[in-house]
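Biologist: I am new to this structure and would love a close look at one part of it. Could you pick a helix and walk me through what surrounds it?

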Amino acid sequence: MDISQQHLNLEQWYDVIERALEDPGAGPILNVVDDGGVYDAIFLGGGAGGRFGAAYLRAMGGRPLIIDAWPFLGGSCPHQACVPHHLFSDVAAELDLWRWFSGQLFFPEWDPSRASILEMIRLFLRGRSSAHAFMNWQTKEQLEVEYVLNARGRLVDASTVEVAGRTFTARNLVLGLGASPTYPDVPGIGLAGVFDFATLVEELDYEPRRAVIVGGGKTALEYGSFFHATGCPTTIVSRSPLMRTPSLHHVDEDLRRYVVDGMRKRGMEILEGAEPVAIEGNGKVERVVVRLADGSTAAIETDFVFLGTGERPNSAMAREALGVAVGPRDEVLVDKSMRTSVPSVYAIGDLIGGPMEMFKARKCGITASKNIMGEPAEFDFSEFPDFLHTTYEVTWVGLTEQEARERFSDVIIIQMPPYVENLDTEHLPLPCAERTMLYAFAKPELSGFQKLVIDAASRRVVGAHHVGYGAKDAFQYLDHLIHRPDGLTIDELGGMNELFLNPEHFVQLSRLRAGRSALVSL
Ligand SMILES: Cc1cc2nc3c(=O)[nH]c(=O)nc-3n(C[C@H](O)[C@H](O)[C@H](O)COP(=O)(O)OP(=O)(O)OC[C@H]3O[C@@H](n4cnc5c(N)ncnc54)[C@H](O)[C@@H]3O)c2cc1C
Ligand SMILES: NC(=O)c1ccc[n+]([C@@H]2O[C@H](COP(=O)([O-])OP(=O)(O)OC[C@H]3O[C@@H](n4cnc5c(N)ncnc54)[C@H](OP(=O)(O)O)[C@@H]3O)[C@@H](O)[C@H]2O)c1
């Protein structure tokens, strides 16, 4: 289908995408201007990295071409990963309120039959192509980027890609091929009833009655919390302590404890130091055999297993066709300019390994484009703000308390609730702010946790940690402020104008200490 001369509206785009998703025989979608001109770059993979990189290259006056196997731009995030996860995490937070306040105030009695995993997936599936439609429309009509969709590209050499029976050449290639879920090597892993984040939305066709999650990173906590919140009893089986897997850095132990204790308070079973040794069933999952921390084994009866066991970059084609250097976890190796080992070939996003996050994918794409267009650029993603969801939004940036104490001789902490022996903080209705007011007044121990870590000598904030709701935006700016060369002092933070009640209380709490020459904890 050639749409280069057409101007489809959102409804028409929605139909094109839905038809292509349903019909494996649907042909490629071509938005290509055949004028004999030369492309500055072909972006193979039009996900977060490829789309943003191509848009930036076009904005700089270059000519990009995106090629993607799916009939839409935007990649895995809106189709199977971030967006469904955010829908599910929102739902988990709503259900959490209902469950804690069942039959109280204006809440009806908790009725698990009203909270269906399958229904939420169907809701997502009905809506997801709307965002896809918008991205296809925007990329063509507003960003003026050419693309070939619904067709898998094949790398021929460092300047050539074959797709949809045609051959395209460019001065540079930018590879944004993403990553795919990895599965533990245990017997029974292929049984029906074993899902990952992608197959969950594509294939689940029954309502799980009991869930076993494998993994202790973001995917495991986020999906596990959602399944449990719907009333599906959930066990998490994790080799490492939850949130202590190497892909998560700067996780403060007090924050971690609040999060994991909170999951247990809600009735989730959490087995740390444990791993699955077999998944059993007659054609379909019936139980998971788990080796526990003490070496014994236990069988957990279940009809649903969800794997949050990480992802591997899709680097095989780049390695085989172009000979790009690849690391031990299949990640394409790049320098800070996103250059691979092969001249004029760049790699971006999940394909180059962790952190597998949107900010990194998008900024990798932009970095590659700047370099291609002759503006030298580097991207250092060794430090970044981070988050995950349980039934809460959990956000953090900078150093943990322990990391700060190892680095600085005088560290002070501003924390809510404060740690003071015998103060009875379990009943303190603080912190309270966005979405935690009901908890603060009725179940104060559920109303969240926040901690600011400060190097007293320089007076600089070196870390911030938050459990609650609505603080993500603040953490984007805190990240920028604390990582500036000048950093952010407690005095500057205390001098800001807060929008009281604000989700994290860092401005007002800092104000209470900012006047002291010798800083002490609060
Ligand atoms: C469950 C889950 C939840 C997540 N939630 C968040 C979140 O809330 N926030 C966040 O920041 N990050 C989140 N992430 C991470 C985020 O989704 C990824 O980091 C991001 O999507 C990576 O973008 P990318 O461009 O590198 O790859 P992708 O978006 O995966 O794009 C790769 C593209 O390459 C295409 N492709 C592959 N092979 C070919 C080929 N041969 N020819 C043509 N096209 C090809 C694919 O079709 C795809 O469109 C989540 C991840 C998971 C698994
Ligand atoms: N921003 C978001 O909200 C979000 C959400 C989801 C995912 N993501 C990103 O997507 C990527 C994938 O996330 P993820 O949570 O799936 O992966 P992850 O962070 O790599 O965690 C994988 C988990 O699975 C465990 N594991 C791995 N192999 C195993 C095996 N063979 N047997 C048993 N356990 C095994 C690991 O244990 P060990 O620690 O013992 O190795 C770890 O707990 C990450 O980069 C993540 O940041 C982001």
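Modeller: Happily; I will start with one helix, move to the core it helps to build, and then visit its neighbours and the ligand.

This is a predicted model, in which local features need pLDDT of at least 70 and side-chain atom pairs count only at pLDDT 80 or more, while totals for chains, interfaces and linings use all residues. Residues are numbered from 1 along each chain as its sequence is written, chains are lettered from A and ligands numbered from 1 in the order in which they are written, and side-chain values use heavy atoms, without hydrogens or water.

Let us take helix 4, residues 82-100. Helices (H or I, at least four residues) and strands (E, at least two) are DSSP runs, numbered from the N terminus. Helix 4 has 19 residues, so at 1.5 Å a residue it should span 27 Å, and its end C-alpha atoms are indeed 27 Å apart. The expected span is 1.5 Å times one less than the number of residues.

Which residues of helix 4 are buried? They are P84, H85, F88, S89, V91, A92, A93, L95, D96, L97 and W98. Buried here means under 20% relative accessible area, exposed means over 50%, and partly exposed lies in between (1.4 Å probe, protein chains only). Packed against these buried residues are helix 3 (76-79), helix 5, helix 6, helix 7, strand 19 and helix 12 (437-442); contact means heavy atoms within 4.5 Å.

Now for the core. A nonpolar core is a set of buried Ala, Val, Leu, Ile, Met, Phe, Trp, Tyr and Cys residues joined through side-chain atoms within 4.5 Å. The largest one has 55 residues, and L200, L204, F227, M243, F304 and F306 have the most contacts inside it. Among the elements that each supply at least two of its residues are helix 5 (117-142), helix 7 (218-229) and strand 20 (393-398). The largest share, seven residues, comes from helix 4. F304 touches residues including F195, L200, L204 and F227, leaving aside those up to four places away in sequence. Another core, of 51 residues, lies apart from this one, with V32, V148, V174 and I352 among its members.

One neighbour of helix 4, strand 19 (residues 386-389), has D386 and L388 pointing one way and F387 and H389 the other, all of them buried. In a regular strand the side chains alternate between the two faces of the sheet. Strand 19 pairs with strand 20 in the antiparallel sense over four bridges; two strands pair if DSSP finds at least two bridges between them. H389 stands opposite E393 in strand 20, and three residues separate the two strands in a hairpin.

Back on helix 4, H85 also reaches ligand 1: one of its polar side-chain atoms lies 3.1 Å from a nitrogen atom of the ligand. A polar contact is a pair of N or O atoms within 3.5 Å; within protein, one must be able to donate a hydrogen and the other to accept it, and residues adjacent in sequence count only if both atoms are side-chain atoms. R152 has a side-chain N or O atom 3.5 Å from a nitrogen atom of ligand 1, and M356 has a backbone N or O atom 3.3 Å from an oxygen atom of ligand 1. In total, 33 residues surround ligand 1, and the closest are D68, S76, G153, D350 and M358; a residue is near if one of its heavy atoms lies within 4 Å.
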